[in-house]
Amino acid sequence: MSKAPGGKYADGYYYLDMGSGLDTVFLHGGGPGCTGWSDFGPVAELFAADRRVVIPDILQYGRSDKVRITGPMWDFHAAGQVKLLDTLGIERADFVCNSWGGTIALNLAAKYPGRVRSLVITGSMPVFYGPLAPLPENGHRGRTARDVYYGGEGPTREKMRQLITRLEWFDGSKLPDSTLDMRYEQSLDEGERALAAMSDSPRGDWQDLTAELGRIQAPTLFMWGREDAFLTPDYPMMLARMVPNGNLHVMDHVSHHLQEEQPERYHAIVAAFLADCARRDKDN
């Protein structure tokens, strides 16, 4: 992965702003040490060739403010993203998201429909049930992994490697040292460690978005890894049926971070979907 370009600050967010064209916002996942660049650096320049690519660090992550959240968590994050859009002069955007960021975007699309042209969602968990069987570890696998990583002797490079290769990558032998180091070093951030150590949740109240999914009118592509360690493909198929204009693509030989494991394939599929959404939007 290439070195991240210089970023800017606005409304408590640190963000990268690349390229020109249709506004496209990339929202990263919620794993330890995740940032906008750690999750989307491998594909950022591919998309920036013909789009404006905005990649913020979500609040509580990366270089963005380490605020404590009270009240409904997805409402808080969605409102914060809309405020950032206003500041950046973005009236309407495509959202390309991984995990935690995807749940934020789904809620944003339901609550602020005029701000979203389309959605691409990977590995997100907006509801706490599956169509066929209980979710792995009752949907708590991510939180458990975070507790294990920050617990005991605290963060180590080896614990980060195990977390990524067990839960996020299908072929852990291909994990670049640069990605491992980036995630590990960010996980040592004093603000992130302080949030992880708090006995009461500083991340806000969990929300089930069942009602919100049915209100989303934006075309939505659920882009899933066949080997996703958190949520098997029957889950996004359920989500695609719950969203009125939902679609599903399942990619082989990838897990939770498709855009990092297979960046060229990921870009080709997502870019085609976004181009089709833009064409249909223009026709209307």
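How many disulfides does a search of the whole structure find? The answer is zero. Keep that in mind; the cysteines come up again later. Note also that this is a predicted model.

**Stop 1: the whole chain**

Show the full protein as a cartoon. There are 11 helices and 10 strands to pick out. Measure the C-alpha trace along its principal axes, and the spans come to about 55 × 45 × 40 Å. The radius of gyration is 17 Å, which agrees with the value near 19 Å for a compact globule of 284 residues.

Now colour by burial. Of the 284 residues, 54% count as buried. Then think about contacts with a separation of 6 or more: 75% of them join residues 24 or more positions apart.

Switch to a surface view. The accessible surface comes to about 11,700 Å². Carbon and sulfur atoms account for 50% of that area. Next, colour the charges. You will find 30 positive and 38 negative side chains. The centres of these two sets lie 2 Å apart.

**Stop 2: the cysteines C97 and C277**

Select C97 and show its sulfur. C97 is in no disulfide, and the nearest cysteine sulfur, that of C277, is 13 Å away. A disulfide is a covalent bond between the sulfur atoms of two cysteines. Seen from C277, the closest cysteine sulfur is in C97, and the 13 Å between them is too far for a bond. C97 is buried, with a relative accessible area of 1%. C277 counts as buried too, at 3% relative accessibility.

Stay on C277 and show its surroundings. C277 sits in helix 11, which covers residues 263-283. Leaving out residues up to four places away in sequence, C277 touches S118 and P219. For another distance, pick N245. C277 and N245 are 32 residues apart in sequence, and their C-alpha atoms are 11 Å apart in space.

**Stop 3: S99 and H253, two backbone checks**

Move to S99. This residue lies in the loop between strand 6 (93-98) and helix 3 (100-111). Check its phi: the angle is near 50 degrees, a positive value in a residue other than glycine. Is S99 buried or exposed? S99 counts as buried, because its relative accessibility is 17% and the cut-off for burial is under 20%.

Now go to H253. Look in the loop between strand 10 and helix 10 (258-261). H253 is not a glycine, yet it has a positive phi of about 60 degrees. H253 counts as partly exposed, at 39% relative accessibility.

**Stop 4: helix 9**

Select residues 234-242, which make up helix 9. Show the side chains of Y235, P236, M238, L239 and A240; these residues are buried. What do the buried residues of helix 9 pack against? Their partners are helix 8 (210-213), strand 9 (220-225) and strand 10 (246-251). Colour those three elements separately to see the packing.

One general point helps when you look down a helix. An α-helix has 3.6 residues a turn, so residues three or four places apart point the same way.

**Stop 5: L135**

Keep Y235 on screen and add L135, since Y235 is among the residues that L135 contacts. L135 lies in the loop between strand 7 (116-122) and helix 4 (141-150). At 9% relative accessibility, L135 counts as buried.

Show the other partners as sticks. Beyond its neighbours within four places in sequence, L135 is in contact with M125, V127, F128, Y129, G130 and L231, as well as Y235. Then draw a distance to F230. L135 and F230 are 95 residues apart along the chain, but 8.0 Å separates their C-alpha atoms.

**Stop 6: R141**

Hold F230 in view and select R141. R141 lies in helix 4. Draw the C-alpha distance from R141 to F230: 6.7 Å, for residues 89 apart along the chain.

F230 is also one of the residues that R141 touches. The list, not counting residues up to four places away in sequence, also holds P136, L167 and A229. R141 is partly exposed, with a relative accessible area of 22%.

To finish, put L135 and R141 on screen together with F230. The C-alpha atom of F230 is 8.0 Å from that of L135 and 6.7 Å from that of R141.

Conventions
Residues are numbered from 1 along each chain as its sequence is written. This is a predicted model: local features need pLDDT of at least 70, side-chain atom pairs count only at pLDDT 80 or more; totals for chains, interfaces and linings use all residues. Side-chain values use heavy atoms; hydrogens and water are left out. Helices (H or I, at least four residues) and strands (E, at least two) are DSSP runs, numbered from the N terminus. The radius of gyration is taken over C-alpha atoms; the globule rule is 2.2 Å times the number of residues to the power 0.38. Buried means under 20% relative accessible area, exposed over 50%, partly exposed in between (1.4 Å probe, protein chains only). Contact means heavy atoms within 4.5 Å. Accessible areas come from the Shrake-Rupley method with a 1.4 Å probe; for residues, only the protein chains shown count as cover. Lys and Arg count as positive and Asp and Glu as negative; His and the chain ends are not counted. The place of a charge is taken as NZ of Lys, CZ of Arg, CG of Asp or CD of Glu. A disulfide is a pair of cysteine sulfur atoms within 2.5 Å.
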